[in-house]
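Q: I'm new to reading protein structures, and I'd like to take a close look at one part of this one. Could you walk me through the inside of the fold and then show me what surrounds it?

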Amino acid sequence: SFSTLALTERCDGQVLEVALNTPPANILSAQMIGELRTLLASERAPSKRKAIVLAGAGAHFCYGASVPEHRAGEVGAMLPQFHGLIDDLLSHPVTSIARVSGRCLGGGFELALGCSLLFADESARFAVPEIQLGVFPPVAAVLLPQMGAAALAPRLVLSGETVDAALLERFGLLAARTPTGEAGAAVDAWIEKHLLPRSAASLRCAHRALRASLLAHYHAQIGSAERLYLDELMATHDANEGIAAFMDKRAAVWTDA
């Protein structure tokens, strides 16, 4: 059993719903990252599973990773584990679907980007605000330019601005955009129409082929992005100042060096 996740099997076990279950923020703590990795590992063996649906308990998907775990003494342990989680998701044989309402920020947005399909309703708000804390989002920096969002990637990563589902849809990042509160029904209908009638074994093979190029790109780039973050960025005054300022609820004072 998991302390940060709530699991629901549906459609005679063909669908597993996974709720990030620490509302309201559903923070991707080290504990939750570890539980998600354990769960995904347990789901790799061939089975009748046709979809894993990730959602947030309550009004929001996820506010992102824990800011205290970004501090110099902790980020060296947290970041590689989070990057491993995204690898687990990208390399997973079962189709993954992110169902997003409310805030989907930082590592939460990166987790959603790592899923095979992204459904969002009109309440959804997306951002990678890391730059405002003096750091940057390695997964978004690596994946977004590769996902048809080449023009959107620098806009989001360099600004940290919050955008709505309509903008993500315009850049081809959404499978569907629904009225507020209707993303769940849209995901259910899509699974029922397109996945449940198919062979689980066939879907797994198709899915592995589908994800291979994005996975190869991730493997080629994430290591250098992680080293840039841990070795160069965290050695600067400003990265540590930005995290400290956020935790102290004050404006950061940059030295630009």
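A: Here is a tour that starts with the nonpolar core and then moves out to the strands, loops and helix around it.

Please keep in mind that this is a predicted model. Let's begin with the inside. In soluble globular proteins, nonpolar side chains tend to be buried together. Here the largest nonpolar core has 67 residues, and the ones with the most contacts inside it are Leu 36, Val 100, Leu 111, Phe 126 and Leu 168. Helix α2 supplies the largest share of this core, with 8 residues. There is also a second, separate core of 11 residues, and among its members are Ala 51, Ile 97, Leu 117 and Ala 176.

Val 100 is a good residue to zoom in on. Setting aside neighbours within four places in sequence, Val 100 is in contact with Phe 61, Ala 112, Leu 118, Phe 119, Ala 120, Asp 121, Ala 124 and Phe 126. One of those partners, Phe 126, is itself on the list of residues with the most contacts inside the largest core.

Now find Ile 52, which sits in strand β3. Its relative accessible area is 3%, and because buried means under 20%, Ile 52 counts as buried. Beyond its neighbours within four places in sequence, Ile 52 is in contact with Leu 16, Val 18, Leu 40, Glu 43, His 92, Val 94, Thr 95, Ser 96 and Ile 97. You may recognise Ile 97 from the second core. For a sense of scale, pick out Ala 251 as well: Ile 52 and Ala 251 are 199 residues apart in sequence, and their C-alpha atoms are 40 Å apart in space.

Residues outside the helices and strands can be buried too, as three examples show. Thr 4 belongs to the segment before β1, and with a relative accessible area of 6% it is buried. The side chain of Thr 4 is joined to that of Glu 35 by a polar contact of 2.7 Å. Not counting residues up to four places away in sequence, Thr 4 touches Ala 19, Leu 20, Asn 21, Thr 22, Gln 31, Met 32 and Glu 35.

The second example is Ser 66, in the loop between β3 (51-56) and α2 (72-90). Ser 66 has 12% relative accessibility, so it counts as buried. Leaving out residues up to four places away in sequence, Ser 66 touches Ile 27 and Leu 28.

The third is Gly 160, in the loop between α5 (152-159) and β8 (163-164). Gly 160 is buried, with a relative accessible area of 4%. Its contacts, again leaving aside neighbours within four places in sequence, are Ala 127, Val 128, Pro 129, Ile 131, Gln 132 and Arg 155. Gly 160 and Gln 132 are 28 residues apart along the chain, yet their C-alpha atoms are separated by 6.4 Å.

What about the cysteines? The structure holds 0 disulfides. Cys 62 is buried, at 0% relative accessibility. The closest cysteine sulfur to that of Cys 62 is in Cys 104, but at 7.2 Å it is too far for a bond, because a disulfide needs the two sulfur atoms within 2.5 Å. Cys 205, in contrast, is exposed, with a relative accessible area of 52%.

Cys 205 also brings us to helix α8, which covers residues 200-232. At 1.5 Å a residue, its 33 residues should span 48 Å, and the end C-alpha atoms are 44 Å apart, which agrees. There is still a bend to look for: α8 has a kink of about 45°, centred on Ala 212. At the N-terminal end, Ser 199 caps the helix, with a side-chain oxygen 3.2 Å from the backbone nitrogen of Ala 201.

Finally, here are some backbone details to spot. Asp 12, in the loop between β1 (5-10) and β2, has a phi near 55°, a positive value in a residue other than glycine. Asp 12 is exposed, with a relative accessible area of 62%. Asp 256 also has a positive phi, of about 60°, although it is not a glycine. Asp 256 lies in the segment after α9 (237-248) and counts as exposed at 70% relative accessibility. Last comes Pro 24, in the loop between β2 (15-20) and α1 (30-42): the peptide bond from Pro 23 to Pro 24 is cis, with omega near 5°.

Terms used:
Residues numbered from 1 in each chain as written. Predicted model: local features only at pLDDT ≥ 70, side-chain atom pairs only at ≥ 80, totals over all residues. Heavy atoms only, no water. Helix = DSSP H or I, 4+ residues; strand = E, 2+ residues; numbered from the N terminus. Buried < 20%, exposed > 50% of the residue type's maximum accessible area, 1.4 Å probe, protein only. Contact = heavy atoms within 4.5 Å. Expected span 1.5 Å × (residues − 1). Bend = angle between axes of the 7 residues up to and from the residue. Polar contact = N/O pair within 3.5 Å; in protein donor to acceptor, adjacent residues only side chain to side chain. Core = buried A, V, L, I, M, F, W, Y, C linked by side-chain atoms within 4.5 Å.
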